[in-house]
Amino acid sequence: MKNDNSNIAINKIKEVDIVFKSILVGLAAGSVSIVYRIALSYAEKSSSYIYSFFSNNLIFLPIMFLFLIIMGYFVGYLVESDDMVSGSGVPQLKQILKKYFYFRMPWFFTLIKKFIGGVIAIFAGLSLGRGGPSIHLGACVAEGLGNKIGKNGMQRKILVASGASAGLAATFNVPIAAVIFILEEIFEDFSLAILLSTIIGAGIADFISKKIFGLTPIFNFPINYTIPFDNRYIMLIVLGLVVGILGVFFNLTLVKMQTFYKQLNFLNKRTKIILPFIITGIIGLMYPIVIGSGNRIIEYLNIESAINFLLIVLLVKFILSIICLGSETPGGIFFPTFVIGALIGCIFAYMMIKYGLYSELFFYNFVILAMAGYLTSVFRTPITGIVLIMELTHSFEHWPSVIIVCIVAHIFSQYIYDSSLYEKIIAD
């Protein structure tokens, strides 16, 4: 009996210890993610003004492309100097936690390079997001703190999970989804200590973020009605299949684009990354609405936008996102995925309304449903897809319809990935 009491006391001490350390990690990682979010916001606004200037003053175009080449080369230099800087950082984080990397740059240098590279990419207009890099930056901060205050390897690993969840929570104000994503996508299994640490880190970071950015949701869609439960519910299954197919197509195309970049043997890492910068410059002059993460597109997600316009924007945004994400440029996939999913939802809603299946009152319902389903198909994380969209839109009355779309999208996409069809398409 005495030994049992001693074990309980020891466990309580361990829990208090991890709670205190997770609070510190949440404060530090959340703060870095917030600074990154602010920097990207200013970079994207500046990018919009600059592209507008050059589109109205074509005589200065050589100067614009010269700067794009210089920026692309510099970002390529950052990526070449540290493998951890490339892409979103989530795959590298998973490999680090599984101890696949034994020799790499110190966390502080990775953090600085990732931060600078991401800001430059958004300033240049590349179709990238902030979610993945925010996760990675939070993990870098947590690694640094963990090296100082972590008692052992397992506790440092737990603190890295807390930092990663804090980074995602702060950048999108989605604490619950942040915890679920870290457990569902990165760890794939978890203990009570990891769950407790990630919840605390995400909660602290979300609190700081809401104090700075307010409570307004990122996607502030007016949704006043829930989809009625009748025989038309079968259209939700159709929507789940549509976003499931398009999500798989997105991933397949992305893999093909990554392969294409690797086959450019006459270019090194520094010069390869110049390509998406130049292509972004060309597309930015013709379709400035699609550059950057996609914030400008959100303004046109309404029933008044013509379906032809939405189709063109969807196609160009899809192509630009694949080109940018397929390179090793620092940047995330979350926000472009949200925007592409929302565009699919707009087009689907337009068709439902046109053929009299639903009234205009349910337009934005289909937008958020498509966002959730598309995210689920791309990431293959159905729980994250369900919860994340609910938190992003501050709309929690649509659980049944969101669950149906996400589960259908996940089952279909998972079947494709698990079947020989996927391997065949990749091999071709």
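How much space lies in the second largest pocket? About 650 Å³ of space lies in the second largest pocket. The residues that line this pocket number 25, and Ser41, Glu44, Lys45, Arg130 and Asn295 are the closest to its centre. Two elements, α1 (2-56) and α12 (295-298), give two or more residues to the lining, and α1 gives the most, with nine residues. By class, the lining of the second largest pocket has eleven nonpolar, eight polar and six charged residues.

The model is predicted, so local features need pLDDT of at least 70 and side-chain atom pairs count only at pLDDT 80 or more, while totals for chains, interfaces and linings use all residues. Residues are numbered from 1 along each chain as its sequence is written, and side-chain values use heavy atoms, with hydrogens and water left out.

**Terms for space and elements**

Rolling a probe the size of a water molecule over the atoms shows where empty space is left. The search uses a 1 Å grid over the protein atoms alone: a cavity is a set of points where a 1.4 Å probe fits but cannot get out, and a pocket is an open set with protein on both sides within 12 Å along at least five of seven lines. Lining residues have an atom within 4 Å of a point. Grid points are joined across faces, edges and corners, and a volume is the space filled by probe spheres set on the points. Helices (H or I, at least four residues) and strands (E, at least two) are DSSP runs, numbered from the N terminus. Ala, Val, Leu, Ile, Met, Phe, Trp, Tyr, Cys and Pro count as nonpolar, Asp, Glu, Lys and Arg as charged, and the others, Gly among them, as polar.

**The largest pocket and the cavity**

The largest pocket holds about 1,200 Å³ of space. Its lining is made of 38 residues, and Ser88, Pro91, Leu254, Gln258 and Leu325 lie nearest its centre. The elements that give two or more residues to this lining are α3 (90-97), α7 (175-187), α9 (234-262), α10 (269-272), α13 (307-326) and α15 (363-379). Of these, α9 gives the most, with six residues.

One cavity of 30 Å³ or more is found in a search of the whole structure. The largest cavity has a volume of about 50 Å³. Among the residues that line it are Phe172, Asn173, Lys210, Glu391 and His394.

The table sets out the lining by class.

| Space | Nonpolar | Polar | Charged |
|---|---|---|---|
| Largest pocket | 17 residues | 13 residues | eight residues |
| Second largest pocket | eleven residues | eight residues | six residues |
| Largest cavity | five residues | four residues | two residues |

**Aromatic rings**

The structure holds 25 aromatic pairs. Rings of Phe, Tyr and Trp (its six-membered ring) pair if their centres lie within 6.5 Å; planes under 30 degrees apart count as stacked, over 60 as edge-to-face and the rest as tilted. Phenylalanine 108 and phenylalanine 109 form an edge-to-face pair, 6.2 Å centre to centre, with 75 degrees between the planes. Accessibility is given in three classes: buried means under 20% relative accessible area, exposed over 50%, and partly exposed in between (1.4 Å probe, protein chains only). Phenylalanine 108 is partly exposed at 45%, and phenylalanine 109 is partly exposed at 43%. Ring pairs also link Phe172, Phe181, Phe334, Phe335, Phe338 and Phe379 into a cluster.

A charge sits over a ring if NZ of Lys or CZ of Arg is within 6 Å of the ring centre and within 35 degrees of the ring normal. The charged end of arginine 37 sits over the ring of phenylalanine 213, 3.8 Å from its centre. Arginine 232 lies over the face of tyrosine 358, at 4.5 Å from the ring centre.

**Cysteines and backbone**

The structure holds zero disulfides, a disulfide being a pair of cysteine sulfur atoms within 2.5 Å. The sulfur of cysteine 406 is 17 Å from the closest cysteine sulfur, in cysteine 346, so the two are too far apart for a bond. Cysteine 406 is buried, at 0% relative accessibility.

Most residues other than glycine have a negative phi. Asparagine 173, however, has a positive phi, near 60 degrees. Asparagine 173 is in the loop between α6 (153-172) and α7, and is buried at 8% relative accessibility. Arginine 380 also has a positive phi near 60 degrees. Arginine 380 lies in the loop between α15 and α16 (382-393) and is partly exposed, with a relative accessible area of 38%.
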